[in-house]
Every structure is written in C-alpha cells, then in structure tokens.
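This report describes selected strands and enclosed spaces of one protein model. Please have the sequence and the coordinates at hand.

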Amino acid sequence: MSDYYYCLSNIQYKEDGFVVLDGLLSSQECDELRQRMNEIVDQMDVPEHCRTTFTTYHDEQLKTQGSADYFITSGDKIRFFFEKGVFDDQGEFKVPKHLSLNKVGHALHAYEPLYKKVTHSAKVQQPGIGGEVTAHQDATFLHTEPLGRVMGLWIALEDATVNNGCLWFIPGSHRSGISRRMVRTPKGSFPLTDFIGREQAYQEDTFVAAPVQKGGVVLIHGEVVHRSAENISEESRHVYTFHVMEALDTRWSPDNWLQPTEELPFPPLYTK
C-alpha cells in the first residue's frame with residue numbers, strides 16, 4: 001500500500017478514532033487461522049465450574065468475569081469464554097461446541113505459531129498500523145497513563161457486514177475521555193474486579209457502521225466508543241483481535257485486570 005494511502009488512513013484514525021484498512025491478510029492466511037481455531041476448539045476441555053460467559057454488560061461482567069478466577073488469570077493462557085444460553089441445567093452443551101464460543105483468550109499470540117506470526121508480522125509493524133458487544137471503550141479495561149497509548153486491531157477472517165455483526169463506532173468519541181474503569185479489587189476480596197464509574201448512554205443515531213472485507217483490519221483507538229450487534233444472519237463472522245501499546249513513556253495501570261506475568265511478560269511488537 002502506498003505512503004499516500006497510509007497518510008489518509010492516519011488522518012482518519014486521528015480524526016475518527018478508527019479506520020478500516022483492506023488486505024492486511026490474504027484469504028489463505030484467514031482460512032489457515034480459522035482452521036487452526038477449529039482444531040483448538042475440537043480439543044478444548046473446560047471443566048464445568050470454569051464455563052464462563054463473556055459479556056460487556058456492567059452488572060453481568062461483575063457476576064461472571066469479575067467473579068471468576070478462570071477469567072482473571074487468563075492473561076498468560078489460552079482459555080474459552082462462552083455465549084449466553086449455550087449450556088443446559090446440567091452444564092452440558094446445548095449447541096455444537098464451535099457455535100458456543102464468544103471468544104478464546106488471551107494468549108493465542110504467545111503460544112499458537114500461526115497467531116503469533118500474524119501478531120508480529122511486518123504488515124502489522126509498518127507505518128499507519130498505529131454475539132453482541134455493548135457500547136464500550138477499550139481503555140475501560142486496558143488503562144494507561146497517559147491515555148491514548150492502546151490500539152486494537154480487529155482482523156476479519158470472514159467478511160464482517162451490517163447483517164452478521166460488524167463493528168459500529170461513534171466517530172470522534174475518543175476525544176472525550178473515558179467514563180468508567182474496570183479494576184482489580186484488593187487481594188482476598190470478592191468479586192475479583194469492580195468498576196469505577198458507569199458506561200454512558202449513547203444515542204443510536206450517532207453510531208456508524210464499519211464493515212470490513214475478509215483479510216481487512218479495523219484499527220481501534222483505545223478511547224473510541226464502539227459496539228457490535230448480535231449476529232442474526234446465517235453467516236458466521238470470525239475475527240482475530242489483539243491490542244498493542246506504545247511502551248515509551250507509558251505506564252500500564254497495576255489496577256488493570258490483565259497483568260503481565262513472569263511466565264508471559266508483554267512481548268515487544270518489534271524484535272531485534
């Protein structure tokens with residue numbers, strides 16, 4: 001892609017808080033990532049007491065992720081988080097395993113070679129790459145001092161459309177700060193996390209859709225308000241997403257739920 005294309009993309013990112021770029025991955029690379037994930041899911045064995053529902057609703061987050069050691073200690077592991085309503089009263093799957101998952105996290109980039117290759121690829125390092133999910137800001141969960149040092153990369157492994165759950169953004173909302181933070185509570189207390197503040201209410205007509213073709217990427221400023229609608233179509237919408245942080249003169253909050261460990265420090269994007 002040309003320097004002119006990157007210049008325009010950088011301007012849009014700074015202005016709107018997000019930008020869609022086509023062609024980060026080839027169709028074959030997308031298919032290989034999806035195939036590897038199918039193999040991982042085929043082999044997954046999650047004990048019943050660890051079957052955690054992933055949600056972005058305030059109160060449900062505290063009840064599920066915020067109360068689950070399985071979630072809070074997942075930063076250096078590959079663990080599985082499920083959609084609502086996929087288990088029966090006995091804790092058994094009501095749907096095929098491949099249809100039960102909301103996300104797999106949070107260390108695919110460290111332990112799975114294909115995902116690690118994408119995360120540290122030259123395409124990600126080059127200039128310009130600087131179920132329903134309710135409206136939120138990533139900096140709520142990934143807080144830095146100063147703010148504005150975290151960027152999400154949301155890579156479409158299939159076409160993401162308005163019908164199957166693409167992202168929606170409020171352009172320019174990254175310039176208004178954040179309204180809440182998820183923090184770890186003191187050791188020995190319960191739940192394991194809590195919120196400071198509440199998510200604001202947002203007008204539906206302020207959101208704009210950001211569809212992206214297979215292999216494309218959406219760059220997401222840590223403070224921009226975004227969401228995705230429930231996928232009510234017959235088409236799946238698989239993505240690979242991760243975050244990068246500008247480390248220079250940046251402090252990662254020790255209150256964040258996600259913390260580096262001795263086993264897995266945050267890896268540098270650029271390796272010597």
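In what order do the strands of the open sheet that contains β5, β13, β8 and β11 lie, and is the pairing parallel or antiparallel?

## Basis of the model

The structure is a predicted model, in which local features need pLDDT of at least 70 and side-chain atom pairs count only at pLDDT 80 or more, while totals for chains, interfaces and linings use all residues. Residues are numbered from 1 along each chain as its sequence is written, and side-chain values use heavy atoms, with hydrogens and water left out.

## The sheet with β5 and β11 at its edges

The 4 strands of this open sheet follow the order β5-β13-β8-β11, and their pairing is antiparallel. Strands are DSSP runs (E, at least two residues) numbered from the N terminus, and two of them pair if DSSP finds at least two bridges between them. β5 (133-136) and β11 (208-210) are the edge strands, each pairing on one side only. From one strand to the next, the twist averages 15° in the open sheet of order β1-β12-β7-β14 and 25° in the sheet of order β5-β13-β8-β11. These angles (0 to 180 degrees) are taken between N-to-C directions of axes, which are lines fitted to C-alpha atoms.

Within the sheet, β8 (residues 167-169) and β13 (residues 226-228) form an antiparallel pair over 3 bridges. Tryptophan 168 is placed opposite arginine 227 of β13.

## The sheet with β1 and β14 at its edges

The open sheet β1-β12-β7-β14 has 4 strands and antiparallel pairing. Its edge strands, β1 (18-21) and β14 (239-245), each pair on one side only.

β1 pairs with β12 (residues 217-221) in the antiparallel sense over 4 bridges. Here valine 19 is found opposite leucine 219 of β12.

## The second largest pocket

The second largest pocket holds about 290 Å³ of space. Of its 17 lining residues, Asp69, Ile72, Thr73, Arg184 and Lys187 are the closest to the centre. On a 1 Å grid over the protein atoms alone, a pocket is an open set of points with protein on both sides within 12 Å along at least five of seven lines, a cavity is a set where a 1.4 Å probe fits but cannot get out, and lining residues have an atom within 4 Å of a point. Volume is the space filled by probe spheres set on the points.

Domain 1 (1-24 + 126-251) and domain 2 (26-122) each supply at least three residues to the lining of this pocket; the domain bounds come from an automatic or database domain assignment. The lining comprises 4 nonpolar, 8 polar and 5 charged residues, where Asp, Glu, Lys and Arg count as charged, Ala, Val, Leu, Ile, Met, Phe, Trp, Tyr, Cys and Pro as nonpolar, and the others, Gly among them, as polar.

## The largest cavity

The largest cavity has a volume of about 30 Å³. Its lining consists of Ala139, Leu142, Thr144, Leu147, Gly148, Arg149, Val150 and Gly222. By class, this lining has 4 nonpolar, 3 polar and 1 charged.
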